[in-house]
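Q: Could you take me on a close look at one loop residue in this model, and then show me how the rest of the protein is arranged around the open and enclosed spaces? I'd enjoy one connected walk-through.

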Amino acid sequence: MTVQIFAPISFEGSPTSQADILTKSALEFVVLLHRTFNETRKELLSNRKKLQAEIDAGADLHFSNDSRITDSVWQGASPAPGLIDRRTEITGPPERKMIVNALNTPVKTYMADFEDSTSPKWSNLLNGQVNLYDAIRNQVDFVDSNTGKAYKVDRSPERHIPTILVRPRGWHMVEKHLLIDGEPCSASIFDFGLYFYHNAKELIAKGHGPYFYLPKMEHHLEAKLWNDIFNVSQDILKIKRGTVRATVLIETLPAAYQMEEILYQLRDHSSGLNCGRWDYIFSTIKTFKNRPDKVLPDRGLVTMTVPFMLAYCKRLIEICHKRGVHAMGGMAAQIPIKDDPEANQVAMDKVTKDKLREVTMHYDGTWVAHPALATIANSIFDKYMPTPNQIYFTTVADVSELDLSNTTVVGGSVTLDGIRQNIYIALCYIESWLRGVGCVPINYLMEDAATAEVSRLQLYSWVTNGVVLDDAKVNITPELMESILNEETAKLVQSHGEGNKFQMAANALLPEIRGDSISDFLTTMIYDNVVEIGKSVNLESLKP
């Protein structure tokens, strides 16, 4: 049995280097978790494919209705220190500048994201771990060598420093830079293991704990796998079980049918559920991609108030509060439009309306992508939620199985402009991702992999099901898709000059939008393009 790292490692840093993260003992911890749990992970991924095959054949999704869970009296864990009041959370990749800016934002928590807003280049992943290590130890301040600008966290005694949470990559991803017994390490275990090993005890000493967001699960047994990993990890480091807390993003359609079961599996480590709106729309499209009766209209028309999205929100809030944990709202992805005050006011009004909807539905908190939106979200939650949370507010949502899968959108349409917008967004995001940037401002919205996934899967769904364009009154064909892709690619190549990767992005996108093939995830489809294979490093050569 062998462990090899096929990637370069920087042995210099101030005050921390990548070599301080990739120590022999830390990797031994990751290896132990991988060897113990990876077979279960692979089996659960296989189960996903079996379920999808059943749905493709016409089967419906159902609530599990396990009476041992749904009818019994149990509660999730009490809110942990630093997670009692979560009215506004900011998210972003664990880049050093973004971490400093996030910790200076007037929010309650900051979610450092190794998943949808991080391109998994080896340097991004290791530097992200370095940056979090330093942030937890109050040594993340730095001076940008290119601009000379100083970045410093305001640690004034009267300030609340946002609580840090970490989102590792999902179960479907692997880390090809680290081979364990000849196979890539689970990316989830890699991200979680390094962060937990280095920082759990330091966080506990500071009065908090290791807190996580868990993405893209599709079954409650996938939550059980996380819970088992939490227990084993805490036992190894001699940390009390229940110290870890995890919020689950309900961002797949199958998971929406198992919310209560997912909470049950994580109950001693649970800190609630979150409405991951863009991934949820993506998952809904993917689940029903071959069903003409389930086709969704232009992306901008699928709002949180359409019936199937509203049902998802109501069910999540009901179940979370019934079990005594937080129900977290979705992302405000808008970016301030500095050069157009009128357009900026329209965008900010949308944020205000969305956050008002969330707080009056009795969510316990919400997400923002840009620091400037924190003031808007705070003002609304402060006005309508004077208490630290609204867990005490219980409702009966009365959401049926059909409500969650009824994708009818009244007045919905598919247009030529909708195709162009989706192709443009997908191209811009994939091109940035290939360059190592996973969080991209496009048309004054902060786009990540989730929104690019919606664009990609909508295009596949429309062409595969032969949708008729409402404006042009013609069928969407592979040839039409390819023609528009070529036009948009040519414009982007010309406008961005040399060195861009738009043609590479277009080549990856073409078979998907023609309907020739479809990948489960965009990030796995193009992952090999960002793998930074270097000289093999032996485990024994690393720091103790």
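A: Happy to. Let's begin with D398, which sits in the loop that runs between α13 (374–384) and α14 (401–405). The model is a predicted one, and in it the phi of D398 is near 55°, a positive value in a residue other than glycine. As background, most residues other than glycine have a negative phi. D398 counts as exposed because its relative accessibility is 68%, and exposed means over 50%.

A second residue invites a look alongside this one. N138 is not a glycine either, and has a positive phi of about 60°. N138 is likewise placed in a loop, here between α5 (122–136) and β4 (142–143). With a relative accessibility of 41%, N138 counts as partly exposed, so it falls in the class between buried and exposed.

From these two loops, let's step back to the whole protein. It has 19 helices and 16 strands. Along the principal axes, the C-alpha atoms fill a box of roughly 65 × 55 × 50 Å. The radius of gyration is 23 Å, which agrees with the value near 24 Å that a compact globule of 544 residues would have. Of those 544 residues, 59% count as buried. Contacts across the sequence tell their own part of the story: among contacts with a separation of 6 or more, 80% are between residues 24 or more positions apart. On the outside, the accessible surface comes to about 21,400 Å², and carbon and sulfur atoms account for 52% of that area.

Now for the open space. The largest pocket holds about 860 Å³, and 30 residues line it. The elements that give two or more residues to this lining are α10, β12, α12 (341–360), α15 (416–434) and β15. Of these, α12 gives the most, with 8 residues. By class, the lining of the largest pocket is made up of 17 nonpolar, 6 polar and 7 charged residues. The residues nearest the centre of the pocket are W278, G300, T303, Q334 and K350.

T303 is a good one to pause on. T303 belongs to the loop between α10 and α11 (307–322). Its relative accessible area is 34%, so T303 is partly exposed. For a sense of distance, the C-alpha atoms of T303 and D471 are separated by 21 Å, with their positions 168 residues apart along the chain.

Next, the enclosed spaces. The model has 5 cavities of 30 Å³ or more, and the largest cavity has a volume of about 260 Å³. This cavity is lined by 25 residues, and T91, R167, M331, W367 and D448 lie nearest its centre. Several elements each supply at least two residues of that lining: β2 (88–92), β3 (109–113), α10 (277–287), β12 (327–332), β15 (445–447) and α16 (449–464). Here α10 gives the most, with 3 residues. Sorted by class, the lining of the largest cavity has 11 nonpolar, 6 polar and 8 charged residues. It is worth tracing α10, β12 and β15 in the viewer, since these elements appear in the list for the cavity and also in the list for the pocket.

Two more residues round off the tour, both in the later part of the numbering. G515 lies in the loop between α18 (502–514) and α19 (522–525). At 28% relative accessibility, G515 counts as partly exposed. Leaving aside residues up to four places away in sequence, G515 touches Y460, V463 and T464. G515 and E222, by contrast, are 293 residues apart in sequence and 30 Å apart in space, C-alpha to C-alpha.

A490, finally, is found in helix α17 (residues 478–496). Its relative accessible area of 46% makes A490 partly exposed. The C-alpha atoms of A490 and T408 are separated by 35 Å, and the two residues are 82 apart along the chain.

To come back to the starting point, D398 is the exposed loop residue with a positive phi near 55°, and N138 is the partly exposed one with a phi of about 60°.

Key. Residues numbered from 1 in each chain as written. Predicted model: local features only at pLDDT ≥ 70, side-chain atom pairs only at ≥ 80, totals over all residues. Heavy atoms only, no water. 1 Å grid on protein atoms, 1.4 Å probe; cavity = no way out; pocket = protein on both sides within 12 Å on 5 of 7 lines; lining within 4 Å. Points joined across faces, edges and corners; volume = space filled by probe spheres on them. Helix = DSSP H or I, 4+ residues; strand = E, 2+ residues; numbered from the N terminus. Nonpolar A, V, L, I, M, F, W, Y, C, P; charged D, E, K, R; others polar. Rg over C-alpha atoms; globule rule 2.2 N^0.38 Å. Buried < 20%, exposed > 50% of the residue type's maximum accessible area, 1.4 Å probe, protein only. Contact = heavy atoms within 4.5 Å. Areas by Shrake-Rupley, 256 points an atom, 1.4 Å probe, with all protein chains shown as cover.
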